[in-house]
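Please examine the sequence and the model shown here before reading on. The account goes from the overall fold to individual residues.

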Amino acid sequence: MTAECGVIVVRNQWSVNCRDVAGRKRDLTVFVNDGQVVIVAPPGETAVLAPLEVGRLRAALRDAVVTASVASKE
């Protein structure tokens with residue numbers, strides 16, 4: 001197990017510290033199952049992603065970060 005920047009990695013499972021809408025501390029868990037990426041978000045909702053969908057999620061997250069950083073500078 002390793003920990004970096006709020007991300008805990010446990011052999012093919014990653015736990016990312018986050019907060020829910022109410023501001024409570026939660027974890028987002030990502031793991032691989034049969035070649036697919038599974039995301040478990042508070043309060044237990046789950047999404048299963050094929051490799052191409054993971055790329056789309058990554059792009060959406062990147063775009064969201066860029067949008068958030070631009071909005072915070074205004």
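The paragraphs below treat the chain as a whole, then its largest pocket, then selected residues and a pair of charged side chains.

The structure is a predicted model. Its chain comprises one helix and six strands, and from the N terminus on these elements follow the order β-β-β-β-β-β-α. Of the 74 residues in the chain, 9% are buried. The surface that the chain exposes amounts to about 5,900 Å², and carbon and sulfur atoms supply 58% of this area. Where contacts join residues at least 6 apart in sequence, 1% of them link residues at least 24 apart.

Attention may now turn to the space left between these elements. Rolling a probe the size of a water molecule over the atoms shows where empty space is left. The largest pocket holds about 210 Å³ of space. Its lining consists of Leu 28, Val 30, Val 37, Ile 39, Val 54, Leu 57, Arg 58 and Leu 61. Strand E4, strand E5 (36-41) and helix H1 (51-73) each contribute at least two residues to this lining. Which of the elements gives the most to the lining of the largest pocket? Helix H1 does, with four residues. By residue class, the lining divides into seven nonpolar residues, no polar residue and one charged residue. With Arg counted as charged, the charged member of the lining is Arg 58.

One of the lining residues, Val 37, merits a closer description. Val 37 belongs to strand E5. Its relative accessibility is 19%, and because buried means under 20%, Val 37 counts as buried. Which residues, beyond its neighbours within four places in sequence, are in contact with Val 37? They are Val 30, Phe 31, Ala 47, Val 48, Leu 49 and Val 54. Two of these partners, Val 30 and Val 54, also appear in the lining of the largest pocket. Along the chain, Val 37 and Pro 51 are 14 residues apart, and 7.3 Å separates their C-alpha atoms.

A second buried position lies in strand E4 (residues 25-33), where Thr 29 is found. Thr 29 has a relative accessibility of 17% and therefore counts as buried. Apart from its neighbours within four places in sequence, Thr 29 is in contact with Gln 13, Trp 14 and Ser 15, and also with Val 38, Ile 39 and Val 40. Of these partners, Ile 39 is also a lining residue of the largest pocket. Thr 29 and Val 40 are eleven residues apart in sequence, while their C-alpha atoms are 5.1 Å apart in space.

The charged side chains remain to be considered. Side chains of opposite charge can pair when their charged atoms come close. In this model the count comes to one salt bridge. The salt bridge joins the side chains of Arg 62 and Asp 63, with an N to O distance of 3.7 Å. Are these residues buried or exposed? Arg 62 counts as partly exposed because its relative accessibility is 47%, and Asp 63, at 43%, likewise counts as partly exposed.

Note on methods:
Residues numbered from 1 in each chain as written. Predicted model: local features only at pLDDT ≥ 70, side-chain atom pairs only at ≥ 80, totals over all residues. Heavy atoms only, no water. Buried < 20%, exposed > 50% of the residue type's maximum accessible area, 1.4 Å probe, protein only. Contact = heavy atoms within 4.5 Å. Salt bridge = Lys/Arg side-chain N within 4 Å of Asp/Glu carboxyl O. Areas by Shrake-Rupley, 256 points an atom, 1.4 Å probe, with all protein chains shown as cover. 1 Å grid on protein atoms, 1.4 Å probe; cavity = no way out; pocket = protein on both sides within 12 Å on 5 of 7 lines; lining within 4 Å. Points joined across faces, edges and corners; volume = space filled by probe spheres on them.
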